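Here are some exercises to work through with the model open beside you. Try each task before reading its solution.

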Amino acid sequence: MTTSEPMACPVDPTAAEAMECPANPGKEFDEKDLQEKQEMQEDIDHSKLLPIPAPPHHSYFGLLGHSPDLDSTLPVKSYWKFMDEYAPIYQLDLAMEHPRVFVGSRELVNEMADDSTYIKFTHRLHQEMRPVFGDGLFSAESTDKAWWKAHRLLVPAFGPIGLSKMFDDMQDLSAQLVLKWDRFGPEHEIECIEDMARLTFDTIGLCAFGYRFNEFYSKEPHPFMKQLKESIVESGKRANRPDIVNLAYYRDEQHRQDNIKNMRELCMKIIKDRDEHPKPDAKDLLNVMLNGVDKETGEKLGVDNVIYQIPTLLGGGYETTGATLCFIYYFLCNNPDKLAKAQQEVDEIVGDKVLTYDMLRNLKYLDACMKEALRLQHPVSLLTRFAIKDTVLGGKYFIKKGQMVSGIWRHFHRDPKVWGEDADEFRPERMLDVNFKELPPNSWKPFGDGLRACIGRGFAEQEILIHIAMALQKFDVKKVDPNYEMQLTGQMGVKPVNFKIRVVRRKDRTLNVGIPGGGTTQELKNTQQAKQQAQRQQQNGASAAQEAKKPVSVFFGGNMGTSESLVQDFERSAPTFGFELVDNQDLDAAIKDKTLPTDRPIVIIIPSYEGRPPDNAKKFVAWIEQMAAKGDKLPPGTKFAVFGVGNSDWTHTFHKVPKLVDLTLEQLGAERIMEAGFANVKRDLIGPWEAWSEKLCMTLSGATSPTNLDRAGVDVHIEKNNLTTLPQALGGEQMAVGVVVGNRELADTSIGAAKRHIEIRLPLGSEYKPGDYLIIQGRNPDETVFRVMQRFNLGGEDVMSVQSSKKDFIPTQPMAVEHFLRSGVELAQPITKRQLAVLASWAEEGSVERTQLEKMHDDDEYQQLLDRRYSVIDILEEVPGLTLPFGVYIDLLLPLSPRLYSISSSPLDPTNKSKGYPVASLTYDIVSHASSARPKCPSGSHRTPKPPSSCSPPGTGIAPMRAFIQERAAIQRAGERKLGPALLFFGCRHPDKDYMYRAELAAWEAEGVVEVIPCFSKPTEEGQQQQQPGRHVPDALWDASRARLGSVPGGRQRVYVRERGEAGE
């Protein structure tokens, strides 16, 4: 979790000048870049600035500044109080060279994130922590050689690959806590922070150092935990006291030194045990720290540094993660509907099985609960940066060079301009993918940012999800005291006081449910097919090894080790396509001679970190940008392909750097081998990479089909059962069931397609607004489903389960086969050439089936298949003698894509309620059924316009316009606010045949809600004697723009156009 901030932090005025990097003598970024930024001083007009407010002094006539005025037990409480009074900014005199500035709005924090003006430095707290953490990652200067070595070695270990290796140990310790709670019984009062701290402390010890503190097997916490906690607290107090005052606390300092000595002895013992009893296969970080060699310096960390890293990693993570777990339980217990929703998701994803690593990515609502808890109550207090030059904050506040500026998490995470008027409420839905991606930059920053951001973010998130999932799988949870309100304590971080919970084992859960090794799991078979695939892969590899290999270079960037893991995968797979990886290095090292290879293709793998390049690619990105700015070109023969890695949590900078590299290299004259590929580590890293890298190798080799086709297929276990499951869609998101409560015809087929109005009662708690979509999950026809089941000898009650798959839509937990085929996959999608090649690979050499399938791969034959829209099942019926495993068949299919429809109603209208449930209406041409639905907010959806507006929908595009107008009517009737005039330009064919919602529109027009201008393209029937000319919306809009819209006061107008599926402003 995020490292803690001090309550008062005097800054070294010279720190802003000392940014050379002895650990990276070849890197000029820190020193040179910072110097350039400092020299680019702003031209500041002080006459337009406002003074930063400050509270009055209340103690010692202000001689000691504001320090004595801070709450001694919870200093951050004073910061919150001051921000409530002086928002969005104030300053305090804390015995620094400059007053310390505090900000509480997202807008000001967003300015703080500008690296050209503000940067992170170590400060008073780090200095006071040096005796505890030495030159560990927390307290060492960013310019220290030791800090850079540890950073480069440890960051990759916390990447997705490293975390997957730690999953089993994390689960082991969560299982211990779950069993402990179960055995203590339902009346046992659990002191939440105590058990959460023990869990997180033990987890870091085991996963990082292979050391079991065995916190759940002793009444008192391990002495190391107590010593570390006391040392951290005292260090924080020393950072909050003037130096002269600290002299009076010599007994406390002596106790701190005794604790440090005892901790160091245990750290030395842990290291000695590993030296004497090596564990080369251990998945922890201790092997990396003791044996890893830094690529830049060629050096190891050294025993002394490892001794300091042990308390650093423990201290930086166990209390913050433990407190966060408590906050999650608190908010869930206070919101039973959210708790039920989280538990329902666990039941659907995990069920009564043992939680697996692959299941974590599908726990989206649980992840949203974690994010929302971190937003409402962060375990740390402040996000701090320093100005590297004189500047202006927020357009009106002067900040001096070297001045400390701290964002208060509690306030900017609750900024109503970002989070709405319900910013103080716990609403995890705002953190789901669709809403989270729409957040403005730097709205949610619980893990800090920049070079010194939390190194263990992924570790903490994984640990939290594992524990909460296992607890909700097993127990019902509630507060001991229903009236308990959050009470906090803490010097640097905050944690709850006296927060107790009870857990009751759920009725359908046994003691060992969900416990690794304690429950039964489905054994996945099909061994013969697995052997067959393995033999083919071995044969393919042997034949490929005999061919001469073509050289290829792979250059990568990355701070987390993810890119390097992809390089290793490419190194293993490239030989099967006739390639040899001859040059593998990071991007900065690749351009040490200021050039790129021209005698072989270059594969570039690079991520984007909040829109910035990784540490080992900064020089590369700067180099190509400088060349492009000068108009230079790369040497002829430079060929490249880019694969980008990113995390969709960083919405506004997602894949920014890979796209920049791809476009800039092309601008420099390099030849792009193929279009760039992209992966989202939040969802699926390996699947997109495998598809892209395979296509790349095929492009380079000139192959028309993959060499290694045996990668297709999953092992499926089929058993007899009677099981039904709700469908999943949109990458695993659970769909909810809606009930059709109204269905009426708006226009018949006498002129164009029939049009209908349908009303769907949504699940309780669903929310939507005009401009939103409703997702309708379709189904495959019964006839097609039965054809597939007959082809693979499957019955109506058969249940399928897959051991593992990189595709979210393939179920890893038991699901009815018939349901999966009907609602899970596209059965009628036209077959691709790659699918044909996979089918051919399963036919015997020289067989009739092989010849038949290979013939279909011919361009002319294949075009005929496309013209007839032949799917995979159609081809299988054409080749009945082909033996194809069911697992290969489903692995060839795509997920069944849901369809999006614009909502044509407003939730503000009282008629859009049914038995207390929200109702959403749809307007569209043909409705077969709408059995499952969920509201989804589209990117760029529109609020009801207040300025004068005009709307122009064609055909059933009336849907969002009707929603906007219905909402205007509700607002006008309620008298909530004054609305500007609105004109609706409605394009139809005939006034009596397809003028949809005519009566409603007339009623709204009579109320003054909207003025309707209908435009009929065919106002009279064919054959009538008096033919009236048709009129179209563009003509009417043009006439109105000249005659009416131009006269609107102030000229403020909005035009909303609905055409072919999108509503635009």
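Two strands count as paired if DSSP finds at least two bridges between them. Keep in mind that the model is a predicted one.

**Exercise 1. Find the partner of strand 32 and say how well strand 32 is covered.**

Start with the pairing: strand 32 is joined to strand 33 (residues 1011–1016) by six bridges, and the two run parallel. At least two bridges are needed for a pair, so strand 32 and strand 33 with their six bridges qualify. One place to look is Cys 988, which stands opposite Phe 1016 in strand 33.

Next, sort the side chains. In a regular strand, side chains alternate between the two faces of the sheet. Here Ala 982, Leu 984, Phe 986 and Cys 988 point one way, Leu 983, Phe 985 and Gly 987 point the other way, and all are buried. Since seven of the seven residues of strand 32 (residues 982–988) are buried, the strand is largely enclosed by the rest of the structure.

**Exercise 2. Describe the neighbours and the two faces of strand 15.**

Take the neighbours one at a time. Strand 13 (residues 550–556) runs parallel to strand 15 and is joined to it by four bridges; within this pairing, Val 554 has Val 603 as its bridge partner. Strand 16 (residues 639–646) is also parallel to strand 15, with six bridges, and there Ile 606 is matched with Gly 644.

Now check the faces. Ile 602, Ile 604 and Ile 606 are buried on one side, and Val 603, Ile 605 and Pro 607 are buried on the other. That agrees with the tally for strand 15 (residues 602–607), where six of six residues are buried.

**Exercise 3. Check the length of helix 10 and list what covers its buried residues.**

Begin with the arithmetic: helix 10 (residues 250–276) has 27 residues, and at 1.5 Å a residue it should span 39 Å. The end C-alpha atoms are 39 Å apart, which agrees.

Then turn to burial. Among the buried residues of helix 10 are Glu 253, Arg 256, Asn 259, Met 263 and Arg 274. Their cover includes helix 4 (124–133), helix 7 (192–209), helix 8 (223–240), helix 11 (286–291) and helix 12 (303–334).

**Exercise 4. Work out the order of the three-stranded open sheet and what packs on it.**

The order is 4-12-9, with antiparallel pairing. Strand 4 (190–191) and strand 9 (475–479) are the edges, each pairing on one side only. Two bridges link strand 4 to strand 12 (residues 500–505), and Ile 190 stands opposite Ile 501 in strand 12. Helix 12 packs on this sheet, touching strand 9 and strand 12, and its direction makes about 85° with that of strand 9.

**Exercise 5. Classify the ring pair of Trp 147 and Trp 148.**

A pair of aromatic rings is described by the distance of the centres and the angle of the planes. The cut-off for a pair is 6.5 Å between centres, and planes over 60 degrees apart count as edge-to-face. For Trp 147 and Trp 148 the centres are 5.4 Å apart and the planes are at 85°, so the pair is edge-to-face.

Finish with burial: Trp 147 has 2% relative accessibility and counts as buried, and Trp 148 is buried at 4%.

**Exercise 6. Where do charged ends sit over rings?**

Lys 371 lies over the face of Phe 436, 5.2 Å from the ring centre. The charged end of Arg 761 sits over the ring of Tyr 917, 5.4 Å from its centre.

How values were computed. Residues are numbered from 1 along each chain as its sequence is written. This is a predicted model: local features need pLDDT of at least 70, side-chain atom pairs count only at pLDDT 80 or more; totals for chains, interfaces and linings use all residues. Side-chain values use heavy atoms; hydrogens and water are left out. The expected span of a helix is 1.5 Å times one less than its number of residues. Buried means under 20% relative accessible area, exposed over 50%, partly exposed in between (1.4 Å probe, protein chains only). Contact means heavy atoms within 4.5 Å. Axes are lines fitted to C-alpha atoms, for helices over the stretch in contact, and angles run from 0 to 180 degrees between N-to-C directions. Rings of Phe, Tyr and Trp (its six-membered ring) pair if their centres lie within 6.5 Å; planes under 30 degrees apart count as stacked, over 60 as edge-to-face and the rest as tilted. A charge sits over a ring if NZ of Lys or CZ of Arg is within 6 Å of the ring centre and within 35 degrees of the ring normal.
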